Amino acid sequence: KRAEFEAQRDAAPETQCGKRLKVMVNAGLREDVAAVNLAGADGIGLFRTEFQFLVSATLPRRDAQQKLYTDVLDASGDKPVIFRTLDIGGDKAVPYLRTETSKEENPAMGWRALRLSLDREGLMKVQARALIEAAAGKTLNVMFPMVSEPWEFDEARALFEAQRVWLEDRHHMLPHDIRYGCMLEVPALAEILDQLLPRLDFLSIGTNDLTQFLFAADRADPRIADRYDWLSPAILRFIRRIVRETTAAGVPTTICGEMGGRPIEAMALIGLGVEQLSITPAAVGSIKAMIRSLDAEQLRGRMDEWLAEPPPDMRQTLLDWAEQRSV
Ligand code: PEP
Ligand code: MG
């Protein structure tokens, strides 16, 4: 199988019914970037900028941030890179960032990601300038993590735009375009998508956090890891609803949680209408192999039937369906 998957890595992820999907990779360190080209991916769908902060003993300075972003963009060539702004705080604490809050009871739901960035504007301004300068002459794709209400997206975007103007006034070279998107990983955001979508250039569904919040089940606790399934009808219906809405609004939508890197889960997602996945580089071969053998149109009809009247074991049902059709 392994050699077979490796051979598939450079093939286009096109389904049996002729749909060209996008398979991108998740990255976070300079070393990951080689994987984009090696793995035959369509770009980096999620660049986790916090990794540089987590592996550093001191706050990374602006020039160090900018250098990393420049290297990533250079290595990716014509392929797009989506930079996610810092997702630190909570359980991804960094010792050099002093926090006034005492220890949090629920760090995953705490003062983290965009919540922290909007409170610590200085931090985000530095990152914004580093990203804008690194993308001079190119397109910059910026994505904000843990957005729970549209105003948070607006504030973050306004902060970036202000930095763009600041740099422009000082005659710095700018990106020819800045595209703004956000993560959907807080369930509340799904209820207010109609308000948010007109402001977005793209959306990315973070199924790691989304499922932990949807099921009220800590993603880091192995004791509850098998208490729920990514293929449960609740999750699949939830994602289908989001994807229907973003598709109708014409907002490109990616799944960037680990779920998308598992063949049966990825197959189910495509059956819900998902057209873009951002996955761990090691999974590109197996996911492309699945896509190239899949009749997505046929699966779509079946998914709607299964979700209307869920079978007792959705995973087994999907596995059987795939096996019968040699997916
Ligand atoms: C997610 O939550 O699904 C996600 C992609 O972000 P992270 O795993 O970095 O929280
Ligand atoms: Mg997340």
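In the predicted model, helix 10 spans residues 207-214, and its buried residues are Thr-207, Asp-209, Leu-210, Thr-211 and Gln-212. These buried residues pack against several elements of the fold, namely strand 5 (177-184), helix 8 (187-190), strand 6 (202-205), helix 11 (233-249) and strand 7 (253-255). After helix 10 comes Ala-216, which has a positive phi, near 50°.

Helix 10 also takes part in the surroundings of ligand 1, where its 3 residues are the most given to the shell. The residues around ligand 1 are Leu-46, Arg-48, Asp-87, Glu-185, Gly-206, Thr-207, Asn-208, Asp-209, Cys-256 and Gly-257. At least two residues of this shell come from strand 2 (44-48), and at least two from helix 10. By character, the shell comprises 4 charged, 4 polar and 2 nonpolar residues. Two of its members, Thr-207 and Asp-209, are also among the buried residues of helix 10.

A further feature is the packing of helix 6 (residues 121-134) with helix 7 (residues 150-169), whose axes lie 9 Å apart at an angle of about 60°. The two helices are therefore oblique to each other, and their crossing is right-handed. Helix 6 contributes Glu-121, Met-124, Lys-125, Ala-128, Arg-129, Ile-132 and Glu-133 to the contact, while helix 7 contributes Leu-159, Phe-160, Gln-163, Arg-164 and Leu-167. The residues of this contact comprise 6 nonpolar, 5 charged and 1 polar. An α-helix has 3.6 residues a turn, so residues three or four places apart point the same way.

Definitions and conventions. Residues numbered from 1 in each chain as written. Chains lettered and ligands numbered in written order. Predicted model: local features only at pLDDT ≥ 70, side-chain atom pairs only at ≥ 80, totals over all residues. Buried ≥ 20, exposed ≤ 12 C-beta atoms within 10 Å, placed from the backbone. Helix = DSSP H or I, 4+ residues; strand = E, 2+ residues; numbered from the N terminus. Contact = placed C-beta atoms within 7 Å. Near = placed C-beta within 6 Å. Nonpolar A, V, L, I, M, F, W, Y, C, P; charged D, E, K, R; others polar. Axes fitted to C-alpha atoms, helices over the stretch in contact; angles between N-to-C directions. Parallel < 35°, antiparallel > 145°, perpendicular 65-115°, else oblique. Left-handed = near helix turned anticlockwise from the far one by under 90°.
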